[in-house]
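Reader: I have a model open in front of me and would like some help reading it. May I ask a few questions?
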There are 2 protein chains.
Amino acid sequence: MEKYFEVLRKCPLFVGIADEHIFKMINCLGAVLETFDKKYTIIAEGNPAKFIGILLSGSAQIEQVDYYGNRTIMGRVEPSQLFSEEFACAERESVPVSVIANEPCEVLLVDCNHILHTCHNNCSFHQQMIFNLMKNMATKNIVYHQKMEITSKRTTREKLLAYLMFCAKEAASNSFEIPYDRQELADFLEVDRSGLSAEISKLRKEGILQSTKNHFELL
Amino acid sequence: MEKYFEVLRKCPLFVGIADEHIFKMINCLGAVLETFDKKYTIIAEGNPAKFIGILLSGSAQIEQVDYYGNRTIMGRVEPSQLFSEEFACAERESVPVSVIANEPCEVLLVDCNHILHTCHNNCSFHQQMIFNLMKNMATKNIVYHQKMEITSKRTTREKLLAYLMFCAKEAASNSFEIPYDRQELADFLEVDRSGLSAEISKLRKEGILQSTKNHFELL
DNA sequence: CACCTTTTGTTGAAATTTCAACATATTTGC
DNA sequence: GCAAATATGTTGAAATTTCAACAAAAGGTG
């Protein structure tokens, strides 16, 4: 467990909690370590919303597949980040999305009851965690706002440019990598993959961007 | 202020707080009461993200207008509900959306600093409020998930049906009212208004639904 | 009630997306 | 390094959306 120290320090759940207390808390919370191979399902749609996930290594994706078979990618999870916490904290019956490993992943699963319903004796760590969860969820809320701002655009070109400009802003550079392959980007932007490829070519020909694989540069 | 008692009791911020303490807390939080006429802007895009809003009466809408002039309606706010709390709690500089009064509104604005940064003396009310905010934001997060599930559909018809089925589920009946007029529904579903009207007519002719104004019935 | 304003429905043309099918490029596993 | 599998790019046809313009209906106001 010690090898995850740096990851856990950065976890939004443990902000403001002294290093020496983090591992004690993880024990106290009854966290379970699990590993998943690439493409495996960490949490399946319909599962009970019981766990708050902490990604320790690898990367994962939040997905939803609808009735028609269209996949929507809600977002990506990187080490230190939480996943599925909104469903656990809202005390939903089940999780409406799937969490899929993009590469081999190690995750820590914390039973949400240990965070929400125990320790009413004013334990200060516990209160700090609730505060941290609150902040984390406010931030996640904003991330969803940003996704909606991108996907609300009406054409593939506008969605793509909105997304790329967002990435450029995040990277503070016109040159950046995106975390998605073409199919994933299409599923994130909620457009057709082949149309997306065509649009990227078009923008390249128009001299608006350069790209090789996942690397883009806005001109 | 007493006339808002019932509304405040139902406010997610005051869950688990005894009735007799609610007004004291509102004073303590330095909440400001403001009123707005129909169509007025309660919070404008770009404003400092300083306030958590509580809607006391009327109804409001969360909107975002992009570069191209397309309006997106993120959602609706009903009495007792909070608005703009995610931006305040995440300590964002400014609010990326506008909150618009749909009818004459009374709102309570609470400086988020009074909730986030004071009272580190373990005041139990305060801790309850943080917990409440956390739950509220988890729930809001899920609401956004639901919206994305609807708007991720690829055609106007699919979006509309997904929305109507969601409403029917909420109402626990095939017969229900929606809170939007046609233009607003189009802006919520992120489609063209005239195309939406055409699609509704089509569904009516196909015998899939009946509708008069805002009332719908799925058959 | 009559007038004006706003909302809703209808239509056809133009733009765009999706879909399917295939070619090419890249990656993976042995 | 090769073969197989996967990912990406390209194309044209069909479906759908958007857009603009207008007609009809509903609502508000004096």
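Author: Certainly. To begin with a term: helices are DSSP runs of at least four residues, numbered from the N terminus. Please keep in mind that this is a predicted model.

Reader: Thank you. Which helix gives the most to the surface near DNA strand D?
Author: That is α8(A), which supplies 5 residues of this surface. Helices α7 and α8 of chain A, together with α8 (193-205) of chain B, each supply at least two residues there.

Reader: And which residues come nearest to DNA strand D?
Author: There are 16 residues around the strand, and those that come nearest are A:Arg182, A:Ser201, B:Thr156, B:Asp192 and B:Lys213. Of the atoms of DNA strand D that come within 4 Å of the protein, 60% belong to sugar and phosphate.

Reader: How many residues of that surface are nonpolar, polar and charged?
Author: The surface near DNA strand D has 8 polar residues, 7 charged residues and 1 nonpolar residue.

Reader: Which atom of DNA strand D is 2.8 Å from the side chain of A:Ser197?
Author: It is a phosphate oxygen, and the distance runs to an N or O atom in the side chain of A:Ser197. A polar side-chain atom of B:Lys213 also lies 2.8 Å from a phosphate oxygen of DNA strand D. For A:Arg193, an N or O atom of the side chain is 3.1 Å from a base nitrogen of the strand.

Reader: Let us return to the helices. At what angle do α7 and α8 of chain A pack?
Author: Helix α7 (residues 182-189) and helix α8 (residues 193-205) of chain A pack at about 105°, and their axes are 9 Å apart. Because angles of 65 to 115 degrees count as roughly perpendicular, α7(A) is roughly perpendicular to α8(A).

Reader: Which residues make that contact?
Author: From α7(A) they are A:Arg182, A:Gln183, A:Leu185, A:Ala186 and A:Leu189, and from α8(A) they are A:Arg193, A:Leu196, A:Ser197 and A:Ile200. By class, the contact of α7(A) with α8(A) has 5 nonpolar, 2 polar and 2 charged residues.

Reader: Now a different topic: what is the order of the strands in the open sheet of chain A?
Author: The order of the 4 strands is β1-β8-β3-β6, with antiparallel pairing. Strands β1 (32-36) and β6 (82-83) of chain A are the edge strands, as each pairs on one side only.

Reader: How many bridges join β3 to β8 in chain A?
Author: Strand β3 (residues 51-57) and strand β8 (residues 105-111) of chain A run antiparallel and are joined by 6 bridges. A:Ser57 stands opposite A:Glu106 in β8(A).

Note on methods: Residues numbered from 1 in each chain as written. Chains lettered and ligands numbered in written order. Predicted model: local features only at pLDDT ≥ 70, side-chain atom pairs only at ≥ 80, totals over all residues. Heavy atoms only, no water. Axes fitted to C-alpha atoms, helices over the stretch in contact; angles between N-to-C directions. Parallel < 35°, antiparallel > 145°, perpendicular 65-115°, else oblique. Contact = heavy atoms within 4.5 Å. Nonpolar A, V, L, I, M, F, W, Y, C, P; charged D, E, K, R; others polar. Near = heavy atom within 4 Å. Polar contact = N/O pair within 3.5 Å; in protein donor to acceptor, adjacent residues only side chain to side chain. Pairing = 2+ DSSP bridges.
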